[in-house]
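Good morning, everyone, and thank you for making room for this on the agenda. Please have a look at the sequence and the structure first, and then I will go through a few places one by one.

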Amino acid sequence: MRPVRTLLALSLLAALPAFAATGLDPDDIAAAEGLRERAMRGSEAWNVVESLTTEIGPRLAGTPADAKAVEWAKAKMQAMGFDKVYLEPVTFPVWLRHHERAEVLAPYPQPLVITALGGSVGTGETPVEAEVVAFANLDALKAAPEGSLEGKIAVITNRMVRFKDGRGYGPAVGARSQGAVEAARKGAVAVLIRSIGTSSNRFAHTGTMRYAEDVPRIPAAALSNPDADLIEHMVARGKPVRLRLDIAAETVADYTSHNVIGEIRGRELPGEVVTIGGHLDSWDLGTGAIDDGAGIGITFAAGALIGQLERAPRRTVRVIAYANEEQGLYGGKAYAEARAAAGEIPAHQLGAESDFGAGRIYALRAGVDAAAWPVVAKIGEVLAPLGIATESTGGSPGPDVGPIVAKGAPWAQLAQDGIDYFDYHHTANDTLDKIDPRALDQQVAAYAVLAYLAAETEVDFGSLPVKAD
């Protein structure tokens with residue numbers, strides 16, 4: 001009978017060919033497993049989100065709260081032990097919400113719950129009073145005859161469908177982003193949409209809309225889902241439905257905020273980086289707990305946990321708190337442009353972000369060179385005890401990682417369970433009580449494992465095709 005020590009040595013030797021393809025060794029895996037277990041015993045993520053939502057609260061881009069959030073993030077990273085913390089400027093136009101009111105004037109007078117969409121103009125000194133024309137979806141509005149909405153308020157009532165992966169958002173959100181342009185083209189004086197969200201509560205969901213250069217700018221707002229139902233019920237009775245809208249909102253001069261960046265410096269290849277992060281800004285209705293305070297807490301805690309290791313990973317782990325994601329991905333775009341200008345895209349080995357709420361992670365996906373897939377598979381093995389499956393197809397980078405991926409950088413996705421994410425998304429109900437601290441710990445464990453092993457491996461993750469602008 002062989003001694004136990006000899007059997008262990010033989011098993012390790014047998015495993016070496018498999019490890020060779022990953023650029024990792026058993027000590028690396030043991031370190032990653034240690035990070036996973038430490039996070040699952042309790043991480044700092046919830047405390048970070050609690051601090052952000054309590055001490056700063058809503059963080060509309062370009063407001064004084066935005067500036068306070070930048071200073072908060074810098075100080076928090078420094079206190080959590082990052083090797084280097086710095087700011088990079090991000091400039092964008094500032095949109096401000098002042099007030100919003102709506103009511104049915106006829107045939108059944110009563111108040112409505114609305115919220116102006118980000119980027120919308122206001123109704124001016126005099127509220128808009130007009131008859132409603134309802135459309136089942138954006139395509140029905142596009143098909144309306146030219147001039148048929150002259151002096152009317154268009155209402156788009158398409159309903160978002162609930163899915164774990166949030167795939168109901170894409171088909172629904174066009175009403176928000178394009179509704180004002182299409183309604184104005186037909187002569188409308190304003191547009192209302194059913195909120196792009198899955199909640200049955202009487203909260204309206206905001207979000208960014210867009211105007212076109214050659215089309216009149218009309219006020220745009222979202223109705224709470226129950227109020228959209230109410231309008232539909234009134235219209236179905238066959239009587240003219242007349243509304244009053246009073247919205248004060250404006251876009252003012254450009255403002256410079258910052259991406260806040262913290263690094264755990266690599267011991268051998270500090271110029272090569274693995275990035276994780278979330279966006280620091282939020283809408284002004286709630287406290288931005290799940291969108292995206294959770295992502296900030298998760299990635300700050302994961303990066304800090306890696307920084308506590310006795311030996312830093314081979315590459316640098318960079319944690320990014322992106323500026324103004326909500327109104328146009330400004331932080332992600334600025335970060336990507338700065339890296340491209342400096343010729344640093346090839347140095348970006350892998351990028352991931354947390355921006356889908358606070359639900360547990362259930363899948364690992366990636367966009368990397370085929371030669372790097374064994375590394376992703378090995379990371380997946382370490383994540384498996386967390387209930388995370390490795391999926392070789394599908395997935396996508398997060399919104400703020402997208403701009404650098406378009407320039408050729410590889411990506412990974414830790415897919416979160418978002419079954420209830422769009423109940424709270426962009427509403428006054430996005431608050432800290434919606435977050436389970438244990439779910440955050442699971443996500444910290446996953447991000448720490450992903451970032452550490454991606455930074456530790458000797459394998460290059462390659463590059464992706466560059467997308468045309």
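Let me begin with a question: is Gly332 buried or exposed? Before I answer, please keep in mind that what you see is a predicted model, and that the values I quote are computed from it. Gly332 is buried, since its relative accessible area is 1%, and a residue counts as buried when that value is under 20%. The residue sits in helix H9, and, once residues up to four places away in sequence are set aside, it touches Tyr322, Asp400 and Pro403. Of those partners, Tyr322 is ten residues away along the chain, and its C-alpha atom is separated from that of Gly332 by 6.3 Å.

Let me step back to the chain as a whole. The protein chain has 13 helices and 14 strands. Its radius of gyration is 24 Å, close to the 23 Å that the globule rule gives for 469 residues, so the chain is as compact as a globular protein of that length. The box filled by the C-alpha atoms, taken along the principal axes, is roughly 90 × 45 × 40 Å. Of the 469 residues in the protein chain, 56% are buried, and the chain exposes about 18,500 Å², of which carbon and sulfur atoms supply 53%. If we take the contacts between residues at least 6 apart in sequence, 84% of them join residues that are at least 24 apart. As for charge, there are 44 positive and 59 negative charges, and their mean positions are 3 Å apart.

Now to the backbone, where I would like to go through a few details with some care. Just before helix H9, in the loop that runs from strand E10 (315–322) to helix H9 (330–341), we find Leu329. Leu329 is not a glycine, and yet it has a positive phi of about 55 degrees; the residue is partly exposed, with a relative accessible area of 25%. The peptide bond from Ala106 to Pro107 is cis, with omega near 5 degrees, and Pro107 is found in the loop between strand E1 (84–106) and strand E2 (110–112).

A cis peptide bond is also modelled from Asp291 to Asp292, again with omega near 5 degrees. Asp292 belongs to helix H8, which covers residues 289–307, and it is buried, with a relative accessible area of 0%. Which residues does Asp292 contact, leaving aside its neighbours within four places in sequence? They are Arg59, Gly278, His279, Asp281, Ser354 and Asp355. For a sense of distance, Arg318 is 26 residues from Asp292 in sequence, and their C-alpha atoms are 18 Å apart in space.

The other partner in that cis bond, Asp291, brings us to His426, as Asp291 is among the residues in contact with His426. His426 lies in the loop between helix H12 (421–424) and helix H13 (437–456), and its phi is near 65 degrees, a positive value in a residue other than glycine. It is buried, with a relative accessible area of 6%. Its contacts beyond four places in sequence also include Tyr169, Arg176, His205 and Trp283. With which side chain does the side chain of His426 make a polar contact? The partner is the side chain of Glu326, at 3.0 Å.

Finally, I would like to follow the chain past helix H13, where Thr457 lies in the segment after that helix. Thr457 is buried, with a relative accessible area of 0%. A polar atom of its side chain lies 3.0 Å from the backbone nitrogen of Val459. Leaving aside neighbours within four places in sequence, Thr457 is in contact with Thr22, Gly23 and Leu24, with Arg314 and Arg315, and with Val375.

To return to where we started, Gly332 is buried, at 1% relative accessible area, while Leu329, in the loop leading to helix H9, is partly exposed at 25%. Thank you, and I am happy to go back to any of these places on the screen.

Note on methods
Residues numbered from 1 in each chain as written. Predicted model: local features only at pLDDT ≥ 70, side-chain atom pairs only at ≥ 80, totals over all residues. Heavy atoms only, no water. Helix = DSSP H or I, 4+ residues; strand = E, 2+ residues; numbered from the N terminus. Rg over C-alpha atoms; globule rule 2.2 N^0.38 Å. Buried < 20%, exposed > 50% of the residue type's maximum accessible area, 1.4 Å probe, protein only. Contact = heavy atoms within 4.5 Å. Areas by Shrake-Rupley, 256 points an atom, 1.4 Å probe, with all protein chains shown as cover. Lys, Arg positive; Asp, Glu negative; His and termini not counted. Charge placed at Lys NZ, Arg CZ, Asp CG, Glu CD. Polar contact = N/O pair within 3.5 Å; in protein donor to acceptor, adjacent residues only side chain to side chain.
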